[in-house]
Amino acid sequence: CGCGAFCLGRPAGLSVVSDAYLPSGRPSGRIVIPAEFRRQLNLKEGDLIRIRLEDGVVRVTPARTALHRACELTSQYVFPQRSLANELVTERRQETTDA
């Protein structure tokens with residue numbers, strides 16, 4: 001998708017609907033994501049995840065998936081042939097010249 005080095009694209013197999021009923025957690029507050037879910041999400045040990053509470057529902061999303069979605073949403077406003085950083089530097093230099 002052209003998001004940059006951190007985006008690995010959308011994980012394969014996300015269209016599969018899976019369901020599991022698990023104990024509510026351990027005394028430490030940890031919740032174990034079932035192995036099948038981790039496989040479908042291509043989650044490896046140490047991968048970052050995003051945890052969000054939405055209307056009483058806990059959503060767990062791999063960070064790379066959240067980043068990919070953000071890139072998709074913002075890509076319509078970014079043009080590969082433009083460097084917004086360079087434009088900002090040019091504007092700042094112009095402002096100091098005009099002052």
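This passage describes the overall fold, one helix and one surface patch of a protein chain, as they appear in a predicted model.

The protein chain contains 3 helices and 2 strands, and these elements follow one another from the N terminus in the order α-β-β-α-α. Of its 99 residues, 13% count as buried. The accessible surface of the protein chain comes to about 8500 Å², and carbon and sulfur atoms account for 56% of this area. When contacts with a separation of 6 or more are considered, 39% of them join residues that stand 24 or more positions apart in the protein chain.

Helix H2 comprises the 12 residues 63-74, and its length can be checked against a simple expectation: at 1.5 Å a residue the helix should span 16 Å, and because its end C-alpha atoms are indeed 16 Å apart, the model agrees with that value. Within H2, the residues Arg-64, Thr-65, Ala-66, His-68 and Cys-71 are buried. In an α-helix there are 3.6 residues a turn, so residues three or four places apart point the same way. The buried residues of H2 pack against helix H1, which covers residues 35-41, and also against the strands S1 and S2.

Among these buried residues, Arg-64 may be considered in more detail. Arg-64, which lies in helix H2, has a relative accessible area of 12%, and it is classed as buried because this value falls under the cut-off of 20%. A polar atom of the Arg-64 side chain lies 2.6 Å from the backbone oxygen of Leu-41.

The surface of the model also carries a nonpolar patch, which is formed by Ile-49, Ile-51, Leu-53, Val-58 and Val-60, and these residues together have about 480 Å² of accessible area. Two strands contribute to the patch, since strand S1 (49-54) and strand S2 (57-62) each supply at least two of its residues. The largest share, 3 residues, comes from S1. One of the patch residues, Ile-49, is found in strand S1 and has a relative accessibility of 37%; because this value lies between the limits of 20% and 50%, Ile-49 counts as partly exposed.

Taken together, these descriptions show strands S1 and S2 in two settings: both supply residues to the nonpolar patch, and both are packed against by the buried residues of H2.

Methods
Residues are numbered from 1 along each chain as its sequence is written. This is a predicted model: local features need pLDDT of at least 70, side-chain atom pairs count only at pLDDT 80 or more; totals for chains, interfaces and linings use all residues. Side-chain values use heavy atoms; hydrogens and water are left out. Patches are made of residues with over 30% relative accessible area and no salt bridge: like charges are joined within 9 Å, nonpolar side chains (Val, Leu, Ile, Met, Phe, Trp, Tyr) within 5 Å. Accessible areas come from the Shrake-Rupley method with a 1.4 Å probe; for residues, only the protein chains shown count as cover. A salt bridge is a side-chain nitrogen of Lys or Arg within 4 Å of a carboxyl oxygen of Asp or Glu. Helices (H or I, at least four residues) and strands (E, at least two) are DSSP runs, numbered from the N terminus. Buried means under 20% relative accessible area, exposed over 50%, partly exposed in between (1.4 Å probe, protein chains only). Contact means heavy atoms within 4.5 Å. The expected span of a helix is 1.5 Å times one less than its number of residues. A polar contact is a pair of N or O atoms within 3.5 Å; within protein, one must be able to donate a hydrogen and the other to accept it, and residues adjacent in sequence count only if both atoms are side-chain atoms.
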